[in-house]
Amino acid sequence: MDYEVVRIAVMSDVHSNLAALDACIDDSKRYKVKYYLFLGDLISDWHQPCEVLKRVRSISDRVIRGNREEAIINRRGGDYGGIWRRYDQFASLEWTYNALSSNDLDYIESLPVQMRVPVNEHFSLRMVHGSVFKINDLLYKKDGNMAVAPSLEAIDDNILLFGHTHEQWQTSLDGKIAVNPGSVGVHFNNKKGAEYAILEIEEDRLNVIFRQVPYRLDKYAAQFCKTDLYEKAYVWFLINYMGMQRGKNCVLDFMEEIEKERRITDLSTKGPVPNDIWYRVFEDKFSSKAMSFFLGGI
């Protein structure tokens, strides 16, 4: 008996990057993908949140929220408003919130935190953003099976799909498989390509295909710079863009330097980053390098 091969595209962390999302969708058509799954963080950071939501809704109803959507929901409910407006580290989120329509916000609010998707008698999927337990848990590749073991043990499904860390990787444990498809929109690989994964399932066989898809990142960044989001959140954009050019998450380095500065000049070291520290650390330690990567990449 011949069994049908089912191909499922798994995408996470689009972060309002429509060009990267379209590149991944176009690439997936080569593989005759039948279903699309989205693991959250569809919005923020890049400049086309509304367009990304429209595209996602046009191809899939298997979508969950990430920590970015969770933050937007809380903002709509009255939380964060004063903080987001006062502290520039949140400028991208505040801009995104203001760009979204009421319909967009209703859609985001309707998204579940996780979802179970039966495939056949052999496989079922559990979609989460961070972990089974928390939407913003970080399951890093360097921690391997230790990172995913609690989530795998907690579910009956034999495939765990998760995102949030912007790392493409997979592992298996006790007959179960965990897959992170990487990030569509804020990717940190040496190919500078948008990341996603394809699950190829034929009866009781599973093949995971990781994709890194080239697109005109330089052209898209140039478009970003023509928006008022660049003016409001250029620090966050340039740090992320440098990481995308280097193939390394430079946000981690940036936040580490901020914490060092806070221990010297802001003894509380808790809560939002004061704007003077935010800009001082960027100007003193990152601006020249970030601008060189930016100018060299466009």
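**Exercise 1. The hairpin and its sheet**

How many bridges join β6 to strand β7, and in which sense do the two strands run?

*Solution.* The model is a predicted one, in which local features need pLDDT of at least 70, side-chain atom pairs count only at pLDDT 80 or more, and totals for chains, interfaces and linings use all residues. Residues are numbered from 1 along each chain as its sequence is written, and side-chain values use heavy atoms, with hydrogens and water left out.

Step 1. Helices (H or I, at least four residues) and strands (E, at least two) are DSSP runs, numbered from the N terminus. Two strands pair if DSSP finds at least two bridges between them.

Step 2. β6 and β7 (residues 176-181) are joined by six bridges and run antiparallel. Within this pairing, Gln168 has Pro181 of β7 as its bridge partner.

Step 3. The two strands form a hairpin with two residues between them. In the turn, Asp174 has a positive phi of about 55°.

Step 4. The wider sheet is open, has five strands in the order β3-β4-β5-β7-β6, and shows mixed pairing. Its edge strands are β3 (115-118) and β6 (168-173), each of which pairs on one side only. From one strand to the next, the twist averages 20°.

Step 5. Helix α7 (residues 144-154) lies across β5 (159-161), β6 and β7, and runs at about 65° to β6. Such angles run from 0 to 180 degrees between N-to-C directions, with axes taken as lines fitted to C-alpha atoms, for helices over the stretch in contact; contact means heavy atoms within 4.5 Å.

**Exercise 2. The neighbours of β1**

Identify the strands that pair with β1, and describe the path from β1 to β2.

*Solution.* Step 1. In strand β1 (residues 5-11), five of the seven residues are buried, that is, under 20% relative accessible area with a 1.4 Å probe and protein chains only; exposed means over 50%, and partly exposed lies in between.

Step 2. With strand β8 (residues 194-202), β1 shares six bridges in an antiparallel arrangement. Here Ala9 has Ile198 as its bridge partner.

Step 3. With strand β2 (residues 35-38), β1 pairs in the parallel sense over four bridges. Ile8 stands opposite Tyr35 in β2.

Step 4. Between β1 and β2 the chain passes through helix α1 (residues 18-29), and this β-α-β crossover is right-handed. The term means that, with the strands pointing away from the viewer, the path from the first strand over the helix to the second runs clockwise.

**Exercise 3. Two aromatic pairs**

Which kind of aromatic pair do Trp46 and Phe224 form, stacked or edge-to-face?

*Solution.* Step 1. Rings of Phe, Tyr and Trp (its six-membered ring) pair if their centres lie within 6.5 Å; planes under 30 degrees apart count as stacked, over 60 as edge-to-face and the rest as tilted. The count by this rule is 18 aromatic pairs.

Step 2. Trp46 and Phe224 are edge-to-face, at 5.5 Å centre to centre with 80° between the planes. Because Trp46 lies in the loop between β2 and α2 and Phe224 in helix α8 (residues 217-224), the pair ties together parts that are 178 residues apart in sequence. Both residues are buried.

Step 3. Trp236 and Trp278 are stacked, at 6.3 Å centre to centre with 20° between the planes. Trp236 belongs to helix α9 (residues 228-246) and Trp278 to helix α11 (residues 275-285), so this pair ties together parts that are 42 residues apart in sequence. Trp236 and Trp278 are buried.

**Exercise 4. Buried faces of two helices**

Locate the buried residues of α2 and α11 around the helix axes.

*Solution.* Step 1. In α2, the residues Pro49, Val52, Leu53 and Val56 are buried. They fall within an arc of 100° seen down the axis and therefore line one face of the helix; the arc is that of the directions from the helix axis to the C-beta atoms.

Step 2. Lys54 and Ser58, on the other side of α2, are exposed. The cover over the buried residues of α2 includes α1, β2, α5 (91-99) and α6 (102-110).

Step 3. In α11, the buried residues are Ile277, Trp278, Val281 and Phe282. Their arc around the axis is only 125°, which puts them on the same side of α11.
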